[in-house]
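Please find below some notes on the strands and sheets of this model, written for someone who has not seen it before.

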Amino acid sequence: MSGSNQISRRDFIKLVTGAVGGLITAGLGIPAIGYLLHPAFEEDKAGKPVTIGNLNDMPEGKPVPFSFTLTRVNGWERTASNFGGYVIVKNKANRDILVLSSRCTHLSCRVTWSEEADGYLCPCHDAKFGMHGEVIDGPPPEPLGHFDYEIDAEGFIIIIPVEVKEG
Ligand code: FES
């Protein structure tokens with residue numbers, strides 16, 4: 001029995017096939033488009049606050065190293081930047097600290113704290129900086145830079161990874 005407003009078996013199969021095909025296309029296509037567009041909308045992490053340690057775990061008067069890598073995303077281009085430095089706790093009770101950058105102010109090599117030399121040494125052109133970043137020897141034109149910081153209620157030190165020049 002078939003009426004004029006009834007759908008034929010052939011049309012029904014076409015309809016079901018089309019619907020299933022559409023679902024499969026959407027199922028594969030939407031994630032693929034999302035994958036292609038993802039980098040353009042990915043959050044740029046550079047400039048966001050970073051926790052570098054806890055004040056309660058750090059001794060007074062002794063540089064404590066820290067380092068981290070941030071990835072800047074510009075569309076499909078990714079750039080990784082390494083940040084590093086030293087936390088110097090001047091007075092723990094007063095939460096008075098200095099967060100120094102380890103980037104030499106001469107040509108950007110990384111300085112390292114030397115207990116023996118009582119200073120930060122730059123391996124590139126033999127510069128030496130004092131514990132608080134002051135130039136003691138060599139070609140650097142200015143002291144080591146620092147990072148602004150906050151210390152939360154539990155003692156975690158949070159910095160904005162943008163270096164502040166001393167000069
Ligand atoms: S880069 Fe440090 S002294 Fe030249």
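1. A word on terms comes before the sheets: two strands are taken to pair if DSSP finds at least two bridges between them. The model discussed here is predicted.

2. One open sheet is formed by three strands in the order β1-β10-β9, and its pairing is antiparallel. At its edges stand β1 (50-54) and β9 (149-151); each has a single partner strand, so one side of each is left without a neighbour in the sheet. From one strand to the next, the twist averages 25°.

3. How many bridges join β1 to strand β10? There are four, and the two strands run antiparallel, with β10 covering residues 156-159. Within this pairing, N54 stands opposite F156 in β10.

4. Another open sheet of three strands has the order β2-β3-β4, again with antiparallel pairing. Its edge strands are β2 (64-74) and β4 (96-101), each of which pairs on one side only. Neighbouring strands of this sheet are turned against each other by 30° on average, with direction ignored.

5. Strand β3 takes in residues 77-91 and is joined to β4 by six bridges, the two running antiparallel. Which residue stands opposite L100 in β4? That residue is Y86.

6. To recap for reading along the chain: the order β1-β10-β9 belongs to one open sheet, and the order β2-β3-β4 to another. Residues to look for in the display are N54 and F156 for the pairing of β1 with β10, and Y86 and L100 for that of β3 with β4.

Definitions and conventions: Residues are numbered from 1 along each chain as its sequence is written. This is a predicted model: local features need pLDDT of at least 70, side-chain atom pairs count only at pLDDT 80 or more; totals for chains, interfaces and linings use all residues. Axes are lines fitted to C-alpha atoms, for helices over the stretch in contact, and angles run from 0 to 180 degrees between N-to-C directions.
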